[in-house]
Amino acid sequence: MLRPSITLGIPGDPYTLFYDYDQIEGKKLGSLTSDQKVIWFRERLNMTHMEPLRRIWKDSEVFEKLLHSKLDPNARCSFSIAAMALMLGVVEALGTFRNPVISRSNSKSKNKKAFLEFLTNHMGQWNVVAPNTTASVADILWKSFRNGITHDLRVDQVSGADQLWGSLEFQENFSDPANTRFEKYGNLLRICPLAFFKDLDGAVKEYFGQLSSNTNLLKSFQSRFDEVYPSQSAHLSG
């Protein structure tokens, strides 16, 4: 398979948007300005995370092909949990670009803080108390989905007064069609992954839009970018 060859309109064109090819081999990232690094990172994030997710959730043909592959028509396939984990990972990672101090902390809660940093500032619709409960939707996203899937390979129950289990369910199957993102159903907090992606997609675009006008945010981005994609290190990362 050929490497990508992508023209970004910045010095060093074309790029692959893979760190090992563009920097370890090509030594291209070190000479870029902050604004040019934003362009590279934005396009990389879109190629490696957002566009694959967009095709899963938005392209009905891709959705069906993933469920019913010709490789083995009898094989069982469900990708909702894996895709949800990936979306939550994007939220958490971008939180460290908004506030790189979090990633340098020795606090046991730094990963959750990074998650909430991005969610609070760009996806406030999910940083609320779940209807008819005392539970925080953000807390359930973190404990039940992010931690549950990452550590237990399942969506977990969240301890507390409501004892809710997270559950992935498409909005069309909600008991109340007025609920667009999530709903309490028995002891489940149903989360619509398609709604989460829609809000994440908008949040990512909003964040990159703010980088062009917010100097402090851009400085934070530059600091974290240089840590994750160092130009003077042999550190290898796809």
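Visitor: How many disulfides does the structure hold?

Guide: This is a predicted model, in which local features need pLDDT of at least 70, side-chain atom pairs count only at pLDDT 80 or more, and totals for chains, interfaces and linings use all residues. Residues are numbered from 1 along each chain as its sequence is written, and side-chain values use heavy atoms, with hydrogens and water left out. A disulfide needs a pair of cysteine sulfur atoms within 2.5 Å. The number of disulfides held here is zero.

Visitor: How far away from C77 is the nearest cysteine sulfur?

Guide: C77 is in no disulfide. The nearest cysteine sulfur belongs to C192. The distance is 18 Å.

Visitor: Is C192 buried or exposed?

Guide: C192 is in no disulfide either, and the nearest cysteine sulfur to it is that of C77. Buried means under 20% relative accessible area, exposed over 50%, and partly exposed in between, with a 1.4 Å probe and protein chains only. C77 is partly exposed at 37%. C192 has a relative accessible area of 3%, so it counts as buried.

Visitor: In what order do the three strands form the open sheet?

Guide: Strands (E, at least two residues) and helices (H or I, at least four) are DSSP runs, numbered from the N terminus. Two strands pair if DSSP finds at least two bridges between them. The pairing in this sheet is mixed. The order is β1-β3-β2.

Visitor: Which strands stand at the edges?

Guide: Each edge strand has a single partner strand, so one side of each is left without a neighbour in the sheet. The edge strands are β1 (165-168) and β2.

Visitor: In which sense do β1 and β3 pair?

Guide: β2 (residues 182-185) and β3 (residues 188-191) run antiparallel, joined by four bridges. β1 and β3 also have four bridges, and L168 has I191 as its bridge partner in β3. The sense of the β1 and β3 pairing is parallel.

Visitor: What is the phi of G186 in the turn?

Guide: β2 and β3 form a hairpin with two residues between them. E183 stands opposite R190 in β3. G186 lies in the turn, and its phi is positive, at about 65 degrees.

Visitor: At what angle does helix α7 run to β1?

Guide: Helix α7 (residues 137-152) lies across β1, β2 and β3. Axes are lines fitted to C-alpha atoms, for helices over the stretch in contact (heavy atoms within 4.5 Å). Angles run from 0 to 180 degrees between N-to-C directions. For α7 and β1 the angle is about 85 degrees.
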